[in-house]
Amino acid sequence: MTKQEELMEQYHIDMLAAEAGGYVASPTKEGLAYTDLFFSVCRQFGIRYNHATPKERCFVEEVTRVTWAIQQGGKVGEDVRPSFSA
């Protein structure tokens with residue numbers, strides 16, 4: 001590949017990235033808050049997500065989802081139904 005071809009390919013990649021809003025989107029405040037909650041739940045239950053079993057992963061994901069929904073104003077049984085409830 002010639003130098004000009006490499007530059008044209010890079011230009012094409014840059015144009016595609018610009019159309020998509022950039023190479024990497026900055027995290028939103030809401031996204032960061034959810035991530036903080038998720039890791040807080042992991043710490044609360046002593047689960048290291050990257051070493052967790054599938055069952056443990058599902059558990060912390062569900063606890064996080066339900067806790068987030070309640071924090072956002074949802075009511076358990078009405079707006080929020082935990083998957084592990086009867």
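Helices are DSSP runs of H or I with at least four residues, strands are runs of E with at least two, and both are numbered from the N terminus. By that definition, threonine 64 belongs to helix α3, a convenient place to return to once the whole chain has been described. The model is a predicted one, in which local features need pLDDT of at least 70 and side-chain atom pairs count only at pLDDT 80 or more, while totals for chains, interfaces and linings use all residues. Residues are numbered from 1 along each chain as its sequence is written, and side-chain values use heavy atoms, with hydrogens and water left out.

The chain holds three helices and zero strands, arranged along the sequence as α-α-α. Its radius of gyration, taken over C-alpha atoms, is 21 Å, well over the 12 Å that the globule rule (2.2 Å times the number of residues to the power 0.38) gives for 86 residues, so the chain is more spread out than a compact globule. Along the principal axes, the C-alpha trace spans about 65 × 30 × 20 Å. Buried residues (under 20% relative accessible area with a 1.4 Å probe, protein chains only; exposed is over 50% and partly exposed lies in between) account for 20% of the 86 residues. About 7,000 Å² of the chain is exposed, with carbon and sulfur atoms supplying 57% of that area, as computed by the Shrake-Rupley method with a 1.4 Å probe. Of the contacts (heavy atoms within 4.5 Å) with a separation of 6 or more, 22% join residues 24 or more positions apart.

Two of the helices can be checked against an expected span, which is 1.5 Å times one less than the number of residues. Helix α1 covers residues 3-19, and its 17 residues should span 24 Å; the end C-alpha atoms are 24 Å apart, in agreement. Helix α3, with 18 residues (54-71), reaches 26 Å from its first C-alpha to its last, close to the 26 Å expected. Each of these helices is followed by a glycine with positive phi: glycine 21 just after α1, at about 95°, and glycine 73 just after α3, at about 105°.

Helix α3 has a buried set made up of Val60, Glu62, Val63, Thr64, Val66, Trp68 and Ala69, and the buried residues of this helix pack against α2 (29-44). Here threonine 64 comes back into view: its relative accessible area is 0%, so it counts as buried. Apart from neighbours within four places in sequence, threonine 64 contacts Tyr34, Leu37, Phe38 and Val41.

A nonpolar core is a set of buried Ala, Val, Leu, Ile, Met, Phe, Trp, Tyr and Cys residues joined through side-chain atoms within 4.5 Å. The largest one has nine residues, namely Leu37, Phe38, Val41, Cys42, Ile47, Ala52, Val60, Val63 and Trp68. Helices α2 and α3 are the elements that give two or more residues to this core, and α2 provides the largest share, four residues. Alanine 52, a member of the core, touches Ile47 and Arg57 once neighbours within four places in sequence are set aside.

Cysteine 42, another core member, is buried at 4% relative accessibility. With a disulfide taken as a pair of cysteine sulfur atoms within 2.5 Å, the count is zero. The sulfur of cysteine 42 lies 12 Å from the closest cysteine sulfur, that of cysteine 58, which is too far for a bond. Cysteine 58 is likewise in no disulfide.
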